[in-house]
Amino acid sequence: MKRKFWMMLIVYSIAFSGLFAQNVGLNGDGTPPDPSALLDVKSTTKGFLGPRMTMAQRNAIETPATGLLVFQTDNNPGYYVYDGTSWFNISSRASGLSTGELQYWDGSGWIGIEAGQPGQFLQVNSSGVPQWAGNEFATVVTGPVSSIGFMSAKCEGDVTDDGGDSEIDRGFCWSTSPAPTIADSKVYSGTGEGVFNEYATQLIPSMLYYVRAFARNDAGVAYGVEASFTTLNTPIIGESYLGGVLAYVFQSGDPGYVEGEFHGLIAAPTDQSTGAPWGCSGTTIGGTSSALGAGPTNTVAIMNGCATAGIAARLCGDLELNGYDDWYLPSINELTKLFNNRFAIGGFNTVNGIYWDSLEGSPTQGHVKEFFSNNMYYPLKTELYHVRAVRSF
């Protein structure tokens with residue numbers, strides 16, 4: 001029995017002495033280990049599992065050897081190696097944070113540099129640290145959308161950083177699909193940093209739109225966060241509509257008002273004249289009215305009673321504009337509606353503009369309204385004042 005025990009001890013001693021003297025392979029296919037490796041582990045179905053511990057447990061290791069490897073399970077988990085002075089996370093050194101990121105060694109660790117942008121170049125600053133230089137993408141913010149109408153909406157934006165290019169182009173782009181770009185419908189609005197606004201126009205009624213502010217410099221096009229809005233199913237005052245600009249919507253009690261329907265006045269986008277006479281002095285037209293809805297009848301009466309070319313009523317009555325030929329010189333009550341909405345309608349001379357209406361004061365006098373003071377009076381028919389045509393729908 002003693003002899004058998006000693007024989008087994010000798011065999012195991014030889015085996016273990018061979019194990020420590022040679023490289024060892026752990027695999028399932030019987031291939032020998034690589035001669036350069038003390039331990040060669042091969043597997044296509046399992047991994048190597050090293051020591052796992054918390055940061056506190058790792059720091060408690062006494063006199064760690066240079067090159068000691070552990071997996072830390074908390075406080076920025078990853079594989080940590082002791083480099084003879086301190087522990088470092090080899091995972092953070094091995095990979096960047098984003099596509100195109102660069103890293104440099106600062107003498108004690110690897111430092112990441114965010115990816116550059118088109119048009120930039122890498123240079124070393126006075127501290128010996130590499131950094132991107134040259135133009136960067138601008139920073140632009142999409143503001144709220146307001147004055148949403150039938151076929152338009154007011155967009156606001158703000159370029160907070162031009163990226164080093166003061167000649168930056170800026171504006172808005174929109175589409176019925178998300179994430180619009182400048183390849184879609186767009187409008188430009190000045191240059192440089194700062195707040196800006198512009199109208200998106202020629203929109204489709206009752207449609208959901210997406211809009212983004214954009215800013216373009218040498219680096220490329222930057223976009224603000226997307227905003228959205230839905231156009232109305234009827235236009236608002238000041239919006240392009242039926243050949244002109246919507247000037248007034250008939251209310252209950254107005255001539256032409258129909259419950260449940262949309263009717264009102266359309267103003268020509270600009271003045272038909274800045275200096276035209278009312279009509280023939282000394283000729284009595286008679287029968288003109290100041291009422292809302294009286295403009296068409298007044299205009300026809302003036303044109304029939306005065307054949308002179310270039311008078312206010314004829315400039316309106318003979319007008320063919322944007323596919324419509326039913327324009328007329330407004331009555332005083334109709335002109336007042338335009339005055340009340342003059343800033344939304346636009347194009348009026350509100351500094352010193354005086355506008356004719358179709359009310360006759362006497363054989364020698366017509367009637368006007370001052371668009372800078374709201375005063376009304378009866379000047380001579382031969383005086384030269386502004387003319388703005390309207391039509392009803």
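Leaving out residues up to four places away in sequence, Gly353 touches Lys369, Glu370, Phe371, Phe372 and His386. The model in which these contacts occur is a predicted one. Gly353 sits in the loop between helix H7 (342–345) and strand E23. Its relative accessible area is 0%, so Gly353 is buried. One of the residues it touches, Glu370, is 17 residues away along the chain, and the C-alpha atoms of Gly353 and Glu370 are separated by 6.1 Å.

## The chain as a whole

The chain contains seven helices and 27 strands. Of its 393 residues, 37% are buried. The accessible surface amounts to about 21,500 Å², and carbon and sulfur atoms account for 54% of that surface. Where contacts join residues at least 6 apart in sequence, 54% of them are between residues at least 24 apart.

## Salt bridges

Side chains of opposite charge can pair when their charged atoms come close. Under a cut-off of 4 Å between a side-chain nitrogen of Lys or Arg and a carboxyl oxygen of Asp or Glu, the chain has four salt bridges. The table gives three pairs, among them Asp169 with Arg216.

| Pair | N to O separation | Separation in sequence |
|---|---|---|
| Asp169 and Arg216 | 3.7 Å | 47 residues |
| Arg391 and Asp326 | 2.7 Å | 65 residues |
| Glu360 and Lys381 | 2.6 Å | 21 residues |

The closest N and O atoms of Asp169 and Arg216 are 3.7 Å apart. Asp169 belongs to strand E13 (residues 169–175) and Arg216 to strand E16 (residues 208–217), so this salt bridge ties together parts of the chain that are 47 residues apart in sequence. Asp169 has 29% relative accessibility and therefore counts as partly exposed. Arg216 is likewise partly exposed, because its relative accessibility is 28%.

In the salt bridge between Arg391 and Asp326, the N to O distance is 2.7 Å. Arg391 is in strand E27 (residues 390–392), whereas Asp326 is in the loop between helix H5 (312–317) and helix H6 (332–340), so the pair ties together parts 65 residues apart in sequence. With a relative accessibility of 6%, Arg391 counts as buried. Asp326, at 35%, counts as partly exposed.

Glu360 and Lys381 form a salt bridge with an N to O distance of 2.6 Å. This pair links distant parts of the chain, with Glu360 in strand E23 (residues 354–362) and Lys381 in the loop between strand E25 (376–377) and strand E26 (385–387). Glu360 is buried at 13% relative accessibility. Lys381 is also buried, its relative accessible area being 0%.

## A buried aspartate without a salt bridge

Asp254 is located in the loop between strand E20 (244–249) and strand E21 (264–267). Asp254 is buried but has no salt bridge. The nearest side chain of opposite charge is that of Lys337, at 5.2 Å; a salt bridge requires a nitrogen within 4 Å of a carboxyl oxygen.

A polar atom of the Asp254 side chain does, however, lie 2.7 Å from the backbone nitrogen of Gln251. When neighbours within four places in sequence are left aside, Asp254 is in contact with Tyr248, Val249 and Leu292.

## A buried proline in a loop

Pro64 occupies a place in the loop between helix H2 (55–59) and strand E4 (69–72). Its relative accessibility is 17%, so Pro64 counts as buried. Apart from neighbours within four places in sequence, Pro64 is in contact with Tyr82 and Trp87. Its C-alpha atom is separated by 7.9 Å from that of Gly84, a residue 20 places away along the chain.

## A nonpolar patch on the surface

Leu26, Leu38, Leu39 and Val41 form a nonpolar surface patch. Together, these four residues have about 410 Å² of accessible area. Leu26, one of the members of the patch, lies in strand E1 (residues 24–26). Leu26 counts as partly exposed because its relative accessibility is 48%.

How values were computed
Residues numbered from 1 in each chain as written. Predicted model: local features only at pLDDT ≥ 70, side-chain atom pairs only at ≥ 80, totals over all residues. Heavy atoms only, no water. Patch = residues over 30% accessible without salt bridge, like charges linked within 9 Å, V, L, I, M, F, W, Y side chains within 5 Å. Areas by Shrake-Rupley, 256 points an atom, 1.4 Å probe, with all protein chains shown as cover. Helix = DSSP H or I, 4+ residues; strand = E, 2+ residues; numbered from the N terminus. Buried < 20%, exposed > 50% of the residue type's maximum accessible area, 1.4 Å probe, protein only. Lys, Arg positive; Asp, Glu negative; His and termini not counted. Polar contact = N/O pair within 3.5 Å; in protein donor to acceptor, adjacent residues only side chain to side chain. Contact = heavy atoms within 4.5 Å.
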